[in-house]
Amino acid sequence: MSEKIDVRGLSCPLPVVTVRKKLLEMKNGVLEVLVDTGTSRDNITRMAVNTGWKVEAKEEDGEYRLIISSKKK
Amino acid sequence: MLKKIFCFRKYIIFTGVFIGISATVLQKLGNPANMGICIACMERDIAGALGLHRAAVVQYIRPEIIGFVFGSLIAALIFKEFKARSGSAPLMRFVLGFLAMIGALVFLGCPWRTLLRLAGGDGNALFGLAGLITGILVGIFFIKSGYNLGRNQRTYPLVGWIMPLIMMGLFLLLLFRPQLPSGAVFFSSQGPGSQHAPLFIALLVAMVIGFLAQRTRFCTVAAVRDVILIKDTYLFTGVISLLLAALVSNLILKQFHPGFQGQPIAHTNQLWNFGGMVLAGLAFTLAGGCPGRQLFLSGEGDADAAVFVLGMIVGAGFAHNFDTASSPQGPGLWGPASVIVGLIICLIIGFSMSDLMKKKKEA
């Protein structure tokens with residue numbers, strides 16, 4: 001079951017704060033995040049990896065789709 | 001791959017060290033004492049050069065500010081991160097920039113100079129640092145309460161180019177120094193405004209800083225905020241590196257003079273050193289980043305950050321014209337009152353643009 005958040009256009013630190021809150025709620029599973037800046041991509045990736053999640057980033061038309069998944073299956 | 005390498009911690013450490021050493025060396029080369037780099041002071045000097053205020057000792061078009069934007073622009077273009085965007089409460093950002101400058105000029109420095117003053121031995125900066133952290137903490141309270149300036153929108157590329165073009169205009173004024181009948185462009189003949197490192201060295205160093213900071217997302221306010229808000233020490237590492245590098249560099253260059261009295265471009269009124277930076281710290285946090293970060297963002301096409309910078313420059317003009325800025329003798333006549341009013345405005349912004357107001361209505 002995958003969930004999705006769109007944090008495009010939000011100012012720092014709201015993208016990472018929003019995603020962190022969602023990950024804390026989810027505990028495991030897959031979260032798809034749409035971001036529009038390199039800063040948000042880096043911040044969210046660093047936060048997710050540091051808290052034990054896997055992150056896969058795909059660039060699409062100057063924006064990014066982050067697939068954040070729990071390491072435990 | 002190149003995009004990824006700048007995310008590693010060693011690059012933020014390198015950026016902090018580079019800024020710390022550069023600032024102390026720029027001071028050695030002519031910039032004012034403990035003010036090798038100060039975003040607020042340097043934007044204030046630009047405001048003076050343009051005649052937005054007439055404090056004769058602080059008027060100079062600082063090439064460092066221009067270089068920060070150019071460096072960030074170049075990095076953003078190379079790494080394909082230049083994105084014109086706008087529309088996230090720009091007028092509110094102008095107000096926050098204005099108030100941040102009012103607070104910073106009561107303390108006499110931005111977050112960068114707070115660290116550089118500490119690294120130069122200025123004990124008064126401890127009160128400014130305490131104020132800055134307090135302001136950031138209040139800002140975090142609002143962020144945790146749902147504070148949000150709204151989403152920006154992608155817009156025409158030209159909108160993102162406006163700030164770099166303004167900087168190009170300033171650079172031409174600095175280079176050709178036209179003298180108009182009004183007296184503009186104003187350049188100080190004495191005082192801090194007359195003290196500066198050679199133009200092209202300052203510009204080049206600032207461009208390298210702008211480039212590095214755009215890649216590493218260096219931000220002195222987010223450094224503290226992220227540790228508390230999301231338990232992330234990445235940016236904090238960079239800020240500590242800046243402080244330590246500047247301290248060591250000052251010791252080597254014999255620019256370290258510990259004490260409270262007679263510190264350069266500083267005053268000893270600790271209440272308002274603290275209070276000024278509470279206001280600045282809160283305004284920076286509500287706007288999403290320190291004044292350096294706002295310049296770097298404006299270089300990569302963020303027109304809202306550019307509006308914040310313009311708010312700071314106008315705020316500097318106001319601060320000197322309306323006697324809210326401090327001098328080495330102490331706070332200006334209206335300095336304390338302006339800090340109190342500024343804090344009230346920031347609190348209203350924080351409450352009214354977060355979920356706190358909604359909760360109150362629901363109750």
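Here is a quick tour of a two-chain model, starting with the sheet in chain A and ending with some backbone oddities.

What you're looking at is a predicted model, where local features need pLDDT of at least 70, side-chain atom pairs count only at pLDDT 80 or more, and totals for chains, interfaces and linings use all residues. Residues are numbered from 1 along each chain as its sequence is written, while chains are lettered from A and ligands numbered from 1 in the order in which they are written. Helices (H or I, at least four residues) and strands (E, at least two) are DSSP runs, numbered from the N terminus. As for confidence, pLDDT is the predictor's own score for each residue, from 0 to 100, and chain A averages 92, with 96% of the residues at 70 or above.

**The sheet in chain A**

- Chain A has an open sheet of four strands in the order β1-β2-β4-β3, with mixed pairing; two strands count as paired if DSSP finds at least two bridges between them.
- At the edges sit β1 (2–6) and β3 (53–60) of chain A, each pairing on one side only.
- From one strand to the next, the twist averages 20°; angles here run from 0 to 180 degrees between N-to-C directions, and axes are lines fitted to C-alpha atoms, for helices over the stretch in contact.
- β1(A) pairs with β2 (residues 30–35) of chain A in the parallel sense, over five bridges, and A:E3 has A:L31 in β2(A) as its bridge partner.
- β2(A) and β4(A) run antiparallel and are joined by six bridges; here A:V30 stands opposite A:S69 in β4(A).
- β3(A) and β4(A) are antiparallel too, with eight bridges between them. In this pair A:V55 faces A:I68, and A:A57 faces A:L66.
- A hairpin links β3(A) and β4(A) with two residues between them, and A:D61 in the turn has a positive phi of about 55°.
- Confidence in chain A is lowest in β1(A), at a mean of 92, and highest in β2(A), at 96.

**Helices on the sheet**

- Helix α1 (residues 14–26) of chain A packs on the sheet and touches β1, β2, β3 and β4 (63–70) of chain A. Two residues are in contact if their C-beta atoms, placed from the backbone, lie within 7 Å.
- The direction of α1(A) makes about 170° with that of β2(A).
- Helix α2 (residues 38–50) of chain A lies across β2, β3 and β4 of chain A, running at about 160° to β3(A).

**Where the chains meet**

- The contact takes 17 residues from chain A and 20 residues from chain B.
- On the chain A side, α1 and α2 each supply at least two residues, and α2(A) gives the largest share, six residues.
- That side of chain A divides into seven nonpolar, seven polar and three charged residues. Ala, Val, Leu, Ile, Met, Phe, Trp, Tyr, Cys and Pro count as nonpolar, Asp, Glu, Lys and Arg as charged, and the others, Gly among them, as polar.

**Helices in chain B**

- The axes of α7 (residues 125–144) and α12 (residues 270–287) of chain B come within 6 Å and cross at roughly 35°.
- By class, the contact of α7(B) with α12(B) has 15 nonpolar, eleven polar and no charged residues.
- Helix α10 (residues 220–230) of chain B is largely enclosed by the rest of the structure, because eight of its eleven residues are buried. Buried means that 20 or more other C-beta atoms lie within 10 Å of a residue's own, exposed means 12 or fewer, and partly exposed is in between, with C-beta atoms placed from the backbone.
- Among the buried residues of α10(B) are B:V221, B:R225, B:D226 and B:I230.
- Right after α10(B) comes B:K231, with a positive phi near 55°.

**Backbone oddities**

- Most residues other than glycine have a negative phi, and most peptide bonds are trans.
- The peptide bond from A:C12 to A:P13 is cis, with omega near 10°, and A:P13 is in the loop between β1 and α1 of chain A.
- Another cis bond joins B:A184 and B:V185, with omega about 5°; B:V185 is in the loop between α8 (157–176) and α9 (199–216) of chain B.
- B:K80 isn't a glycine, yet has a positive phi of about 55°. B:K80 counts as exposed because it has 11 C-beta neighbours inside 10 Å.
- B:L108 has a positive phi as well, near 80°, and counts as buried because it has 32 C-beta neighbours inside 10 Å.
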